[in-house]
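Student: Hi! Could you walk me through this protein?
Tutor: Sure, let's have a look together.

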Amino acid sequence: MQENELIHDWNTLDGSFDYSTRRGVQLNDETLRDGLQSPSVTDPSIDEKIRLLHLMAKLGIAAADIGLPGAGPRAVRDVEALAREIVDAKLAIEPNCAARTVRADVQPIIDVSQRVGIAIEAATFIGSSPIRQYAEDWTLDRMLRATEDAVTFAVQHDLPVMYVTEDTTRATPEVVKALYTTAIECGARRICVCDTVGHATPHGVRQLIRYVIDEIVKPSGEDVKVDWHGHRDRGLAVPNCLAAIEEGAHRIHGTALGIGERCGNAEMDLLLVNLKLLGLHDWDLSRLNEYVALASQSCRVDLAYNWPVFGPDAFRTATGVHAAAIAKAEQKGDAWLADRIYSGVPAGWFGLAQRIEIGHMSGISNVRHWLRSHGYDGADEGLCSHVFEAAKTGDHTFSDDEVHALCRAYGVQIAAAQAPLAETV
């Protein structure tokens, strides 16, 4: 059978969004700035940050926030080192830096940009919601003056500007229009719509992005790009990113493993997975697992066992029915089939593979498969029964060491068996 006959895709039936119309959507990685604002992460060493930057470029991430140099000398040092690495290594990634809408935050970006000789986009941000205005005692007039001054200052010093409104998803249309219009008139050519506290639903995202494009960007007559920046407080970050893409957002922000303030940001790794599956990101993502592992290690963030795609259990099964289906697919000599029969995400695309293990819910097919893939005789009925019976009396999935020990207890040594096969499919 043809591959397209084996999976009926309800996602693409009448009324679904045609993602082929949105090719060219870019990504902006916030791991090294917004991601590090999480109180639970460790600030990576500069060498680790540089390694992450290289992986971002290899994964086709178009831009990266490399810090907030207005935070002090240490931040300036790291931002400059990362900007120099982009220049020296000729990385295909565009840097940007966060800055409050004050000249004191914009000036360090100007200084680094001039010293290194690379354009660094100034992501000048200001709160926009009524609740923020009330808490800060801000008037709209004051916010507009700050916007005009900071954006104009950056543009006069040849910095591209991304004007960012914090808490846009709880701001009034009138304030959103006033702030973005002022920024555009002062020279900002990218505006960023933010769900700073994870308030939005996909419906809300669609309404807001549509309003920004139709009521602000188009009437301006300027070539202004729209970014979306969302958080995970309601667990809707990736669906909200897709909603923003559907409504015309040009660039989407995220962080490795979703790290960031409170519950974190949209998960860049999962965003890449979904864009690959939707046909919007035509890059080799076989090193995405390396990016996730490095972020986990360098930021000291444990990877949950059930984290999609990259968690330890993502492509691991000890269930009899699942293992039997994978084994049957293998017997057909079809790697494509084996990688999809019990997986909505093909492991091979991301440098990973299916794993069949042995536990109390396993069938004999698990045992045969494990033995064959680890160099034993999977047709040895006595050995299979010995391992299977032990598994059925257990209360957990056996580690490889435990199964090897069972084989030794039965009197079989791996050295006497056939050469080990690949453990995974």
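Tutor: We'll talk about aromatic rings, cysteines and a pair of helices. Keep in mind that this is a predicted model.

Student: Okay, rings to begin with. How many aromatic pairs are there?
Tutor: The count comes to 5 aromatic pairs. One of them joins Tyr 163 and Tyr 180, with 6.1 Å from centre to centre and 85° between the planes.

Student: What do you call that arrangement of Tyr 163 and Tyr 180?
Tutor: That pair is edge-to-face. The label fits because planes over 60 degrees apart count as edge-to-face.

Student: And which parts does the pair tie together?
Tutor: Tyr 163 belongs to strand β5 (residues 161-166) and Tyr 180 to helix α7 (residues 173-185), so the pair links parts that are 17 residues apart in sequence.

Student: Are Tyr 163 and Tyr 180 buried or exposed?
Tutor: Tyr 163 is buried, and Tyr 180 is buried too.

Student: What about Trp 370 and Tyr 376, how do they pair?
Tutor: Trp 370 and Tyr 376 are stacked, at 6.1 Å centre to centre with 20° between the planes. Trp 370 has 1% relative accessibility, so it counts as buried. Tyr 376 is buried as well, with a relative accessible area of 2%.

Student: Which residues form a cluster of rings?
Tutor: Phe 310, Trp 349 and Phe 350 form one aromatic cluster. Trp 349 has a further partner: Lys 276 lies over its face, 5.7 Å from the ring centre.

Student: Switching topic! How many disulfides does the structure hold?
Tutor: It holds 0 disulfides.

Student: Why is there no bond for Cys 186?
Tutor: The closest cysteine sulfur, in Cys 192, is 18 Å from the sulfur of Cys 186, so that is too far for a bond. A disulfide needs the two sulfur atoms within 2.5 Å.

Student: And where is the closest cysteine sulfur to Cys 263?
Tutor: It is in Cys 241, 15 Å from the sulfur of Cys 263, and that is also too far for a bond.

Student: Are those two, Cys 186 and Cys 263, buried or exposed?
Tutor: Cys 186 counts as buried because its relative accessibility is 18%. Cys 263 is at 39%, so it counts as partly exposed.

Student: Last thing: how do α6 and α7 pack?
Tutor: Helix α6 (residues 140-156) packs with α7 at an angle of about 25°, and their axes are 9 Å apart. That angle makes α6 roughly parallel to α7.

Student: Is the crossing of α6 and α7 left-handed or right-handed?
Tutor: The crossing of α6 and α7 is right-handed.

Note on methods
Residues numbered from 1 in each chain as written. Predicted model: local features only at pLDDT ≥ 70, side-chain atom pairs only at ≥ 80, totals over all residues. Heavy atoms only, no water. Phe/Tyr/Trp six-rings, centres within 6.5 Å; stacked < 30°, edge-to-face > 60°. Helix = DSSP H or I, 4+ residues; strand = E, 2+ residues; numbered from the N terminus. Buried < 20%, exposed > 50% of the residue type's maximum accessible area, 1.4 Å probe, protein only. Lys NZ or Arg CZ within 6 Å of the ring centre and 35° of its normal. Axes fitted to C-alpha atoms, helices over the stretch in contact; angles between N-to-C directions. Parallel < 35°, antiparallel > 145°, perpendicular 65-115°, else oblique. Left-handed = near helix turned anticlockwise from the far one by under 90°.
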